[in-house]
Amino acid sequence: MTSPASSQPATTPGRAPAGPSPSTPTAPRLSGAVWLALAVVYVVWGSTYLAIRIVVETMPSFFSAAARFLTAGLLLVGYLLVRQGPAGLRVSGRQLASAALVGVLLLTGGNGLVVLGETSVPSGLAALLVAAVPLWMVVLTAFGGGERPKRAELAGVLLGLVGLGVLSAPAIGGSIKPVGVILIIGATLSWAVGSFASKKIPMPGNVLAASAYQMLAGGLCDLLVGLARGEQRGLDLGAVSGRSWLALGYLVLFGSLLAFTAYAWLLRSAPLTLVATYAYVNPVVAVLLGWLILAEPLTGPTLVGGAIVVAGVCLVVSVSRRPSGRHPSGRRPERPATARTGRG
């Protein structure tokens, strides 16, 4: 460790030290852990659309989502108790309420509606519709974050909306149920709101504890929605296929315990626009797997609409990652004291 004197650049009297000005933003260094977590979210979440489609073949929608997140949440709670004791789960009342709110927005409004939508929408199309999440991020940042979007970002949002219109065209024509498309678009908005809120409200300091509380809250809400929809009537566990059970197990272990925890960590450790790039990588994985394993057709509207959505998202993300005169945290950089005028 160097001393303060040795770490300072040499200066001459009357001149400012060499190096960047305090008001000059510098791009944050992204660690290998960030890229590893992104890779997990890219690949694993891309495959979950296929797994969800297999689960809902023989399982009720919200009950299957509840089973997934309650199981994963309880497993994570058990892990924390073994490794860290009760202290690992200790949070304030506000932190618990915040985690529960984010969990409901992400896992009931977001994931739950995707699960329900996939009962009538192919997994590849569902993933392409979910690619609209970063577009909602721009809108939320503009209205909720006080940041005026750039023209190119607005162009990306409009381009993405055009793509969503093309993707929704088969539903209007009758080949796909429109309600399924509407549910998944609603899910993208709920997921974006939950992700945005997680950066604005007090969350538990322990990422694993935050993930556990989010999954338990989302799972309980999924269970209540399933009961309200009457999914318990006629439920026969013996009629659930072996491949649906296997797909559910995959969702618990990889989709929730691994990928969701990685996503929760990324929300704290990387820029939101970078984290949102998962939304245009997941569709590529999902469409290919749906085509290879479930023989889902690659129709013209799916390919064209998906390409338009991905282009819009890429435009938004590429513009959002350029230096904008803001600190990487999202706050405006502080000016030197001598530069402040007109304010106390």
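The expected span of a helix is 1.5 Å times one less than its number of residues. With that in hand, we can look at helix α1 in this predicted model.

**Helix α1**

Helix α1 takes in residues 32-55, 24 residues altogether. From its first C-alpha to its last it reaches 34 Å, close to the 34 Å expected at 1.5 Å a residue. The helix also has a kink of about 25 degrees, and Tyr49 is at its centre. How much of α1 is covered? The helix is mostly covered, with 17 of its 24 residues buried.

**Two salt bridges**

Let us move on to charged side chains. Side chains of opposite charge can pair when their charged atoms come close. A search of the whole structure turns up two salt bridges.

One of them joins Glu57 to Arg243, with 2.7 Å from N to O. This pair links distant parts of the chain: Glu57 lies in the loop between α1 and α2 (61-84), while Arg243 belongs to helix α9 (residues 242-269), and the two are 186 residues apart.

The other salt bridge is formed by Arg229 and Glu231, whose closest N and O atoms are 2.4 Å apart.

How accessible are the residues in these pairs? The table gives the values.

| Residue | Relative accessibility | Class |
|---|---|---|
| Glu57 | 41% | partly exposed |
| Arg243 | 42% | partly exposed |
| Arg229 | 43% | partly exposed |
| Glu231 | 8% | buried |

A residue counts as buried under 20% relative accessible area. Glu231, at 8%, therefore falls in the buried class. Arg229, its salt-bridge partner, counts as partly exposed at 43%.

**How α2 packs**

Helix α2 (61-84) offers two helix pairs to look at. Take α9 to begin with: α2 and α9 pack at an angle of about 55 degrees, and their axes are 9 Å apart. That angle makes α2 oblique to α9. Their crossing is right-handed.

Next comes helix α8, which covers residues 207-228. Its axis and that of α2 come within 7 Å and cross at roughly 155 degrees. Angles over 145 degrees count as roughly antiparallel, and α2 and α8 are therefore roughly antiparallel to each other. Which hand does the crossing of α2 and α8 have? That crossing is left-handed.

**Putting the pieces together**

Helix α9 appears twice in this account: Arg243 in α9 is linked with Glu57 in the loop between α1 and α2, and α9 also packs with α2.

Conventions: Residues numbered from 1 in each chain as written. Predicted model: local features only at pLDDT ≥ 70, side-chain atom pairs only at ≥ 80, totals over all residues. Heavy atoms only, no water. Helix = DSSP H or I, 4+ residues; strand = E, 2+ residues; numbered from the N terminus. Bend = angle between axes of the 7 residues up to and from the residue. Buried < 20%, exposed > 50% of the residue type's maximum accessible area, 1.4 Å probe, protein only. Salt bridge = Lys/Arg side-chain N within 4 Å of Asp/Glu carboxyl O. Axes fitted to C-alpha atoms, helices over the stretch in contact; angles between N-to-C directions. Parallel < 35°, antiparallel > 145°, perpendicular 65-115°, else oblique. Left-handed = near helix turned anticlockwise from the far one by under 90°.
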